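Please open the structure in your viewer and keep the selection tool at hand. The tour proceeds by short stops, each beginning with something to select.

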Amino acid sequence: MKRSRINQIMAEADDMIRQHGFTLPAFAYWTPDQFKARVATANHLINARCGWDITDYGDGDFDKMGLFLFTLRNGRLADLQRGGGMCYAEKLLISRQDQLSPMHTHVIKAEDIINRGGATLVIELFGSDEEGNFAEDRGGTVWCDGIRHEFAPGEKLKLAPGESVTLQPGDWHAFWGEGGDVLIGEVSTVNDDETDNIFRAPIGRFANVQEDEPPMHLLVSDYPHWLG
């Protein structure tokens, strides 16, 4: 993805988030130089990879297959492993109309996916086999706003604004906006986007960036290069 396109998506996403009554935290608006100057005190943000995340899954067509994410807060895997401390994470996502976030599951993370506003969020669901692999002939169980729901393989669950679904590890899912763009909330256990996203197809999690202009704000995938 070109950096100019990423900068444009950031600005559009910030506008949509504000339209729905949410405001991003102050660190969202730091310039790269401001972030560099705060490395010593912002080490948790860096290590937890909080911040901007825009991906086309390495496919090169963000409008067709892609996702906007902003990680607001994220705990530590060490806390989750010992069963105490900051064991949770929270994100805002934007899924555009007919923009696919491809089929995947998680090994560790359980998550609530919440339609925070906009159009309808469609979530396609499949179950797993005994080894946790994608199983096109298996359904499973999810909870929709706390209510048990048995899903058939390939069922397309439709969430209106205010509705949510709880997904456990092994629940394979893909999603997109139907009828317009959707602002999504994600509340989960500790999030590790580098190792805990298992995709059905062999695709990448992060975009390859072409630096055609300076970054407006850093992506979480920029941190190792820009912040050391």
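The stops below cover aromatic rings, two individual residues and a pocket. Please bear in mind throughout that the model is predicted.

**Stop 1: a pair of rings**

Begin by selecting tryptophan 52 and phenylalanine 70. How are the planes of these two rings set against each other? The planes stand at 90° and the ring centres are 5.1 Å apart, so the pair is edge-to-face; an angle over 60 degrees is what that term requires. Tryptophan 52 belongs to strand β1 (residues 51–55), while phenylalanine 70 belongs to strand β2 (residues 67–74). With their positions 18 residues apart, the pair links distant parts of the chain. Both tryptophan 52 and phenylalanine 70 are buried.

**Stop 2: the cluster around the pair**

Keep the pair displayed and add Phe27, Trp30, Phe35, Phe68 and Tyr223. Together with Trp52 and Phe70, these residues form a cluster that is linked by ring pairs. The structure as a whole holds 9 aromatic pairs.

**Stop 3: arginine 38**

Next, select arginine 38, in the loop between α2 (32–37) and α3 (43–47). Over which ring does its charged end sit? The ring is that of tryptophan 30, whose centre is 4.7 Å from the charged end of arginine 38. Now display the backbone of glutamine 34: the side chain of arginine 38 reaches the backbone oxygen there at 3.3 Å. Is arginine 38 buried, exposed or partly exposed? Its relative accessible area is 33%, so arginine 38 counts as partly exposed.

For a longer view, select glutamate 211 as well. Arginine 38 and glutamate 211 are 173 residues apart along the chain, and 23 Å separates their C-alpha atoms.

**Stop 4: aspartate 222**

Move to aspartate 222, in the loop between β12 (198–199) and α5 (223–227). Aspartate 222 has a relative accessibility of 7% and therefore counts as buried, the limit being under 20%. Then add leucine 219: its backbone nitrogen lies 2.8 Å from a polar atom of the aspartate 222 side chain.

**Stop 5: the largest pocket**

Finally, turn to the largest pocket, which holds about 220 Å³ of space. Which residues should be selected to find its centre? Of the 15 residues in the lining, Ala48, Arg49, Asn74, Asn191 and Asp192 are the closest to the centre. Colouring the lining by residue type will show 4 nonpolar, 5 polar and 6 charged residues.

Note on methods. Residues numbered from 1 in each chain as written. Predicted model: local features only at pLDDT ≥ 70, side-chain atom pairs only at ≥ 80, totals over all residues. Heavy atoms only, no water. 1 Å grid on protein atoms, 1.4 Å probe; cavity = no way out; pocket = protein on both sides within 12 Å on 5 of 7 lines; lining within 4 Å. Points joined across faces, edges and corners; volume = space filled by probe spheres on them. Nonpolar A, V, L, I, M, F, W, Y, C, P; charged D, E, K, R; others polar. Phe/Tyr/Trp six-rings, centres within 6.5 Å; stacked < 30°, edge-to-face > 60°. Helix = DSSP H or I, 4+ residues; strand = E, 2+ residues; numbered from the N terminus. Buried < 20%, exposed > 50% of the residue type's maximum accessible area, 1.4 Å probe, protein only. Lys NZ or Arg CZ within 6 Å of the ring centre and 35° of its normal. Polar contact = N/O pair within 3.5 Å; in protein donor to acceptor, adjacent residues only side chain to side chain.
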